[in-house]
Amino acid sequence: ELEHQYLPSRWAVRLGAEEALRTYSQIGIEATVRARATWKSLLHVPYGDGDGERVDIYFPNKAAEGLPFFLFFHGGYWQNGSKDQSAFMVDPLAAQGVAVVIVGYDIAPKGTLDQMVDQVTRSVAFVQKRYPSNEGIYLCGHSAGAHLAAMMLLADWTKHGVTPNLKGFFLVSGVFDLEPMVYTSQNVALQLTLEDARRNSPQLKVAQVQPADPACPVLVVVGQFDSPEFHRQSWEFYQVLPGQTLCQGGWKASFEKLRDVDHFEIIEIVTQKDSTLTQIILKTIFQ
């Protein structure tokens with residue numbers, strides 16, 4: 001049952017499993033080709049020494065020192081996908097004056113989950129150091145990428161020598177309690193022990209963390225046609241976010257179930273400027 005629940009392609013409504021994955025990949029590739037042809041960009045910029053430690057930065061046409069920066073961590077169960085096919089939201093965000101950073105990291109089996117969390121942390125610190133006068137850093141992740149973005153709520157920035165100007169989190173169809181993953185075929189590449197899973201589960205730790213900026217919004221989003229386990233994961237993570245019931249002492253958390261989308265369509269739609277999720281993102285950045 002866990003195996004079935006954690007295979008998102010099996011829950012795709014409009015397309016069969018194979019077709020859903022193929023379409024998702026195709027849309028990501030096309031969006032990336034378009035973004036690289038349309039916007040001024042810095043590609044494959046190293047934020048560390050490892051092969052996979054690269055970001056692509058896309059800039060809006062208006063040259064401004066203080067741009068908002070939107071960082072995206074791709075999904076693929078920590079073992080598929082890359083920054084080179086994940087520039088879904090560059091067009092609609094750059095058109096509105098947002099710089100977009102698509103973050104690469106070493107997927108399994110090359111990278112361990114601990115390494116990926118460390119890489120993503122360093123990518124955020126890198127953007128803050130390189131663009132210190134930014135107008136806010138917004139983190140967004142899809143699926144496994146939402147897990148990595150959520151781990152940034154727990155990051156200890158002191159050892160990175162910089163406190164990033166975090167202004168918002170968008171956690172899209174994520175997994176926040178990794179224990180169930182240990183018992184699925186996804187763990188063949190990941191090789192997670194129970195201890196690894198618990199150490200890297202923001203669900204178990206976020207309640208103990210004091211946010212640096214209590215006004216920082218955290219949006220937890222799930223698609224109507226995501227599996228029941230993905231719904232449970234998102235809802236329970238939203239529930240444990242400190243401050244989701246009290247205004248003081250926590251993040252400004254909100255929960256959104258997007259109608260008529262599955263696990264893949266939920267991020268495919270951010271290629272369109274008028275999609276619900278794109279509008280929520282822009283409203284958060286420019287509120």
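**Three annotated residues in a predicted model**

Good morning. I begin with one pair of side chains: aspartate 226 and serine 173 are joined by a polar contact of 2.5 Å. A polar contact is a pair of N or O atoms within 3.5 Å; within protein, one must be able to donate a hydrogen and the other to accept it, and residues adjacent in sequence count only if both atoms are side-chain atoms.

The model is predicted: local features need pLDDT of at least 70, side-chain atom pairs count only at pLDDT 80 or more, and totals for chains, interfaces and linings use all residues. Residues are numbered from 1 along each chain as its sequence is written, and side-chain values use heavy atoms, with hydrogens and water left out.

Where does aspartate 226 lie? Aspartate 226 is in the loop between strand S7 (217-223) and helix H9 (228-240); helices (H or I, at least four residues) and strands (E, at least two) are DSSP runs, numbered from the N terminus. Its relative accessible area is 5%, so aspartate 226 is buried (under 20% relative accessible area, 1.4 Å probe, protein chains only).

The unreviewed UniProt entry lists Ser143, Asp226 and His263 under "active site"; such annotations may be inferred rather than shown by experiment, and the positions follow the numbering used here, with feature names shortened. These residues are spread over 121 residues of sequence, yet they cluster in space, with a largest C-alpha distance of 10.6 Å.

Histidine 263 sits in the loop between strand S8 (252-258) and helix H10 (265-268), and is buried at 3% relative accessibility. Beyond its neighbours within four places in sequence, histidine 263 is in contact (heavy atoms within 4.5 Å) with residues including Ser143, Ser173 and Asp226. Thank you.

Definitions and conventions. Buried < 20%, exposed > 50% of the residue type's maximum accessible area, 1.4 Å probe, protein only.
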